[in-house]
Amino acid sequence: MNKQTQWFKDAVVYQIYPKSFMDADGDGLGDLRGVIGKLDYLKELGIDVIWLNPCYKNSGVDGGYDISDYRAIAPELGTMADFDELLEQAHKRGIRIVMDLVVNHTSTEHAWFIESKSSRDNPKRDFYIWRKPFEGGVPNGERSVFSGPAWEYDETTGEYYLHMFAREQADLNWENEEVRREVYDMMHWWFKKGIDGFRMDVIDMISKDETVYAVDGGPHRNAFNGPREHEFLQEMNREVLSHYDIMTVGETGSLTTQEALRYANLDGSELSMAFQFEHVEHDNGYLDNGERSKWSTGPMDLLKLKEIMARWQTELHGKAWNSLYWSNHDQPRAVSHFGCDDEQYRVLSAKMVGACLHMMQGTPYIYQGEELGMTNYPFTDVSQSRDVEVYNAWQELVVEQKKITPERMMDCLRYKCRDNARTPMQWTAGVNAGFTEGEPWMPVNPNHTYINAESQVGDPDSVFSFYKKLIALRKQYPVIVHGDFTLLQKEDEQVFAYTRAHEGSTLLVACNFSCEEARLDEAARTRGEMLIANYKEDGDPGVLRAWECRVTLV
Ligand code: TEU
């Protein structure tokens with residue numbers, strides 16, 4: 001009997017990266033008490049769920065994604081009592097808390113790994129993936145997502161262990177039933193504390209094709225979506241998830257729409273929904289030698305974006321559930337990536353990209369600061385980064401292999417690096433944007449003097465108030481949650497327009513993703529009751545002004 005009522009269909013999620021959200025104790029790092037202090041701000045915005053990036057004890061290598069104790073809070077973020085208070089205070093405000101489940105790998109400081117590493121016949125040896133050398137070197141050519149080989153040699157036992165991310169993040173062996181049992185027990189422990197769900201880190205990597213482990217000196221293989229993926233997720237659902245009225249979202253970078261019909265099936269057999277990466281990676285680039293790479297300077301391609309978003313809307317409708325996001329802690333800021341962060345158009349385009357996403361079918365995710373129109377950071381030197389992904393990529397691509405020049409890589413970092421989303425949340429125009437009274441762990445964006453929460457809450461024309469209204473519309477009009485999706489002006493390179501229809505109601509959404517005027521054809525021509533718009537003055541029903549959006553009920 002599955003206890004899930006699928007409340008997530010009506011919910012809007014707000015993602016908090018705790019290290020950068022609010023610092024209550026003045027050490028320059030955000031913390032759980034800082035989150036508690038901002039719950040009323042989130043209540044004012046109107047969100048229903050907080051997704052909290054990892055706040056467990058960790059080894060400090062990858063922003064909390066290198067966990068050393070799943071049942072302890074990172075001391076730099078607070079205590080378990082702080083977490084319990086956060087959960088209680090959030091629930092008092094009708095806000096649910098979803099935690100981050102990082103079980104593809106643990107920190108190499110985790111007790112399991114320390115035991116596993118100690119000897120070849122240790123009972124926990126098989127908790128991780130150990131292989132003998134091949135011809136004196138790495139077992140095969142598997143590559144880490146964070147550059148370099150995915151194998152690290154251990155002198156103690158003369159074998160290599162697999163790490164698909166940093167060498168301090170050892171992959172767990174999900175083929176081992178005891179590993180799965182330990183994970184499920186930990187999940188129950190958190191659910192019994194009262195949390196409302198999990199976001200599941202790289203959950204499409206827990207089953208890997210056996211070639212990934214082969215000691216054959218072979219090439220880099222695909223470590224995603226392996227043969228037992230759905231067996232494991234259905235087992236997790238039976239053993240844990242179906243026992244609680246919760247939500248889950250898988251981080252599944254390999255996902256296609258067809259695979260999403262299994263991972264995010266509305267029958268509740270696996271996950272509630274999943275994060276696909278097609279749209280946020282559509283503008284990935286090529287290195288000087290032609291290799292595909294995330295490191296690019298864009299620009300965003302609207303035709304590709306429309307095709308991707310429309311396909312996810314239509315192919316999942318009625319079968320599986322979409323997550324809806326533009327940004328997160330791994331992505332650049334929404335207005336910088338999909339809008340226009342020149343001050344002339346930043347506010348208009350921040351509202352427009354918000355409306356374009358929030359009027360679709362699925363559960364919307366707002367990344368901290370997106371509701372303010374916060375932008376990427378003007379990095380001038382790689383030393384300003386605090387990200388292991390950036391450090392490793394710079395060493396490999398710029399220093400060792402010279403596949404990209406330092407100047408070009410700096411352009412790429414300013415466009416795409418994860419640090420863009422990890423600069424401190426901008427609360428005020430004051431010192432350190434009101435984030436901390438200490439030395440902030442990352443530089444504060446200088447534009448906090450005019451982009452900050454204090455100046456926007458209560459201002460009816462702010463991005464904050466616009467997002468607040470978008471969230472309210474979702475509660476008021478069933479067509480937004482339940483309606484189907486039809487893309488309009490498919491080949492238009494400026495306009496992203498679509499309709500949603502449900503039980504006789506039709507929503508018409510028209511967005512101009514450009515600085516120039518754009519024509520609307522007959523089907524997209526503005527008509528009906530205006531629900532929300534980013535221009536105050538009515539315009540020509542057949543023409544959208546720069547970065548204009550209009551949402552009408554026809
Ligand atoms: O991200 C998975 C992942 O592939 C990311 O590294 C992201 O797609 C990439 O950085 C984009 O260039 C998850 C977490 O969200 C991320 O923060 C962690 O670093 C990673 O897993 C390892 O746990």
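This dialogue goes through a ligand site, a sheet and two backbone features in a predicted model.

Q: What should be known about the model and its numbering?
A: Residues are numbered from 1 along each chain as its sequence is written, and side-chain values use heavy atoms, with hydrogens and water left out. The model is predicted, so local features need pLDDT of at least 70 and side-chain atom pairs count only at pLDDT 80 or more, while totals for chains, interfaces and linings use all residues.

Q: Which residues come nearest to the ligand?
A: A residue is near a molecule if one of its heavy atoms lies within 4 Å of it. Here 17 residues surround the ligand, and D62, R199, D201, K294 and D330 come nearest.

Q: By class, how many residues of the shell around the ligand are nonpolar, polar or charged?
A: Ala, Val, Leu, Ile, Met, Phe, Trp, Tyr, Cys and Pro count as nonpolar, Asp, Glu, Lys and Arg as charged, and the others, Gly among them, as polar. The shell has nine charged, five nonpolar and three polar residues.

Q: How far is a polar side-chain atom of D330 from an oxygen atom of the ligand?
A: A polar contact is a pair of N or O atoms within 3.5 Å; within protein, one must be able to donate a hydrogen and the other to accept it, and residues adjacent in sequence count only if both atoms are side-chain atoms. For D330 the distance is 2.4 Å. A polar side-chain atom of D62 lies 2.6 Å from a ligand oxygen, and one of R199 lies 2.9 Å from a ligand oxygen.

Q: In which order do the three strands of the open sheet stand?
A: Strands of a sheet pair through backbone hydrogen bonds, either parallel or antiparallel. Strands are DSSP runs (E, at least two residues; helices are H or I, at least four), numbered from the N terminus, and two strands pair if DSSP finds at least two bridges between them. The order is β7-β9-β8, with antiparallel pairing. β7 (130-131) and β8 (151-154) are the edge strands. W130 has Y161 in β9 as its bridge partner.

Q: Where is the cis peptide bond?
A: It joins G298 and P299, with omega about 0°. P299 lies in the loop between β15 (292-293) and α8 (302-316).
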